[in-house]
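Here are a few exercises to work through with the model open beside you. Try each task before you read its solution.

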Amino acid sequence: MNTRLYWVIFITTLAFLGLISYRLSSVDPRATGLQAVTVRPGEGIAEIASELANRSLIRSGALFTLYTFVSGSAHRLKPGMYQFSQVM
């Protein structure tokens, strides 16, 4: 491959990672306080992502779902009660 193609791939990758970082970042950085979220046994990643998005804890349920599968963390999500800060 030539140098120009490497740069295009590099810049595209950086832009994609920046988009993911933005979409997973805090929805409202001025928000304060904690929100309790309960993950019930048998609840799937789509339901968890939807709940987090509905509570404005994440920007995109779809991107959260994709990220958990790509990172390998989807199978490590456990039932329980969790406290989330909106300024994470």
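Contact here means heavy atoms within 4.5 Å. This is a predicted model, in which local features need pLDDT of at least 70, side-chain atom pairs count only at pLDDT 80 or more, and totals for chains, interfaces and linings use all residues. Residues are numbered from 1 along each chain as its sequence is written, and side-chain values use heavy atoms, with hydrogens and water left out.

**Exercise 1. The whole chain**

Work out which pattern of helices and strands the protein chain follows along its sequence.

Solution. Start with the elements: helices (H or I, at least four residues) and strands (E, at least two) are DSSP runs, numbered from the N terminus. The protein chain has 3 helices and 2 strands. Reading along the sequence gives α-β-α-α-β.

Next, look at contacts in the protein chain with a separation of 6 or more: residues 24 or more positions apart account for 72% of them.

Last, check burial. Buried means under 20% relative accessible area, exposed over 50%, and partly exposed in between, using a 1.4 Å probe and protein chains only. Of the chain's 88 residues, 26% count as buried.

**Exercise 2. Two helices crossing**

Find how the axes of H2 and H3 are placed, and which residues meet between these helices.

Solution. Take the axes first: they are lines fitted to C-alpha atoms, for helices over the stretch in contact, and angles run from 0 to 180 degrees between N-to-C directions. Helix H2 covers residues 45-54, and its axis comes within 8 Å of the H3 axis, crossing at roughly 135°.

Now name that angle. Under 35 degrees is roughly parallel, over 145 roughly antiparallel, 65 to 115 roughly perpendicular, and the rest oblique. H2 and H3 are therefore oblique to each other.

Then get the hand. A crossing is left-handed if the near helix is turned anticlockwise from the far one by less than a right angle, and right-handed if clockwise. H2 passes H3 in a right-handed crossing.

Finally, list the partners. From H2 come Ile 45, Ala 46, Ile 48, Ala 49, Leu 52 and Ala 53, and they meet Gly 61, Phe 64, Thr 65, Thr 68 and Phe 69 in H3. The residues of this contact split into 8 nonpolar, 3 polar and no charged. For that count, Ala, Val, Leu, Ile, Met, Phe, Trp, Tyr, Cys and Pro are nonpolar, Asp, Glu, Lys and Arg are charged, and the others, Gly among them, are polar.

**Exercise 3. Inside H3 and just beyond**

Decide whether Thr 68 is buried or exposed, then follow the chain to Ser 73.

Solution. Thr 68 sits in helix H3. Its relative accessible area is 4%, so it is buried. Gly 61, Leu 63, Phe 64 and Thr 65 are buried in H3 too. For Phe 64 the relative accessible area is 15%, and its C-alpha atom is 8.9 Å from that of Ala 46, 18 residues apart along the chain.

Skip residues up to four places away in sequence, and Thr 68 touches Ile 45, Ser 73 and Ala 74. On the way to Ser 73, Gly 72 takes a positive phi of about 85° just after H3. Ser 73 itself lies in the loop between helix H3 (61-71) and strand S2 (80-85). Ser 73 is buried, because its relative accessible area is 16%.

A polar contact is a pair of N or O atoms within 3.5 Å; within protein, one must be able to donate a hydrogen and the other to accept it, and residues adjacent in sequence count only if both atoms are side-chain atoms. One such contact, at 2.9 Å, joins the side chains of Ser 73 and Ser 71.

**Exercise 4. Glu 51 and Ala 36**

Find which side chain makes a polar contact with Glu 51, and which residues Ala 36 is in contact with.

Solution. Glu 51 is in helix H2, and at 28% relative accessible area it is partly exposed. Its side chain makes a polar contact of 2.5 Å with the side chain of Arg 55.

Arg 55 turns up again with Ala 36, a residue of strand S1 (residues 34-39). Leaving aside neighbours within four places in sequence, Ala 36 is in contact with Arg 55, Met 81, Tyr 82 and Gln 83. Ala 36 and Gln 83 are 47 residues apart in sequence, yet 4.5 Å apart C-alpha to C-alpha.
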